[in-house]
Amino acid sequence: MGIGLDVETPPEPDNPDDYDYETCPFYGELPVRGQILEGEVVSTEMDRTVVVEREYDVNVPKYDRKMKRRSRIPAHTPEVLEPLSDGDSVKIAETRPLSKTKSHVVVEVTESAGGDH
């Protein structure tokens with residue numbers, strides 16, 4: 001079952017009885033829609049949540065230059081994609097609000113910090 005994005009589906013969960021299907025876009029009922037962003041994991045301190053930082057350029061017309069900006073986005077990590085570590089490059093997709101700050105979910109690990117992906 002696909003999620004409508006061009007991402008590789010991870011293997012099925014080991015414990016189907018204990019798995020949280022409500023917040024899984026691959027094997028559960030969580031729909032993804034809207035933005036798809038790429039960034040780097042900078043924090044894994046929270047339970048099933050990572051903070052993804054993305055850097056982008058903003059045009060400053062007054063000086064005819066580009067300026068770097070960064071944003072930090074909390075994203076839910078499905079159990080089938082755990083464990084993630086700092087420095088991993090990930091792809092996140094927008095979804096319904098999962099908590100006060102989380103409205104994105106990790107859908108793919110594009111490059112692992114160890115370099116095994």
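1. Let's start with lysine 102, bearing in mind that this is a predicted model. Lysine 102 sits in the loop that links strand E4 (89-95) to strand E5 (104-111). What caught my eye is that lysine 102 is buried and yet makes no salt bridge. The nearest side chain of opposite charge belongs to aspartate 47, and that is 8.3 Å away. A salt bridge here needs a side-chain nitrogen of Lys or Arg within 4 Å of a carboxyl oxygen of Asp or Glu, so aspartate 47 at 8.3 Å does not qualify.

2. So what does lysine 102 touch, once its neighbours within four places in sequence are set aside? The list is Arg48, Thr49, Pro74, Ala75, His76, Arg96 and Pro97. Several of these names come back below, so keep them in view while you look at the strands.

3. Take E1 and E2 next. Strand E1 (residues 32-43) pairs with strand E2 (residues 49-60) in the antiparallel sense, over three bridges. Within this pair, glutamate 40 stands opposite glutamate 53 of E2, which puts two residues counted as negative across from each other. The hairpin of E1 and E2 has five residues between the strands, and arginine 48 takes a positive phi near 60° there. Arg48 is also one of the contacts of lysine 102.

4. E2 pairs with strand E3 (residues 65-76) as well, again in the antiparallel sense, this time over 12 bridges. Threonine 49 stands opposite histidine 76 of E3, and both Thr49 and His76 are among the residues in contact with lysine 102. The hairpin of E2 and E3 has four residues between the strands. In that turn, aspartate 64 shows a positive phi of about 55°.

5. On the overall fold: the protein chain has five strands and zero helices, so reading from the N terminus you simply get β-β-β-β-β. The C-alpha trace spans about 60 × 30 × 25 Å along its principal axes. Of the contacts with a separation of 6 or more, 52% are between residues 24 or more positions apart.

6. Finally, burial, surface and charge. Of the 117 residues in the protein chain, 37% count as buried, and lysine 102 is a buried residue too. The accessible surface comes to about 7,600 Å², with 43% of it belonging to carbon and sulfur atoms. As for charge, the protein chain carries 14 positive and 25 negative charges, and the mean positions of the two sets lie 15 Å apart.

How values were computed
Residues numbered from 1 in each chain as written. Predicted model: local features only at pLDDT ≥ 70, side-chain atom pairs only at ≥ 80, totals over all residues. Heavy atoms only, no water. Buried < 20%, exposed > 50% of the residue type's maximum accessible area, 1.4 Å probe, protein only. Contact = heavy atoms within 4.5 Å. Pairing = 2+ DSSP bridges. Areas by Shrake-Rupley, 256 points an atom, 1.4 Å probe, with all protein chains shown as cover. Charge placed at Lys NZ, Arg CZ, Asp CG, Glu CD.
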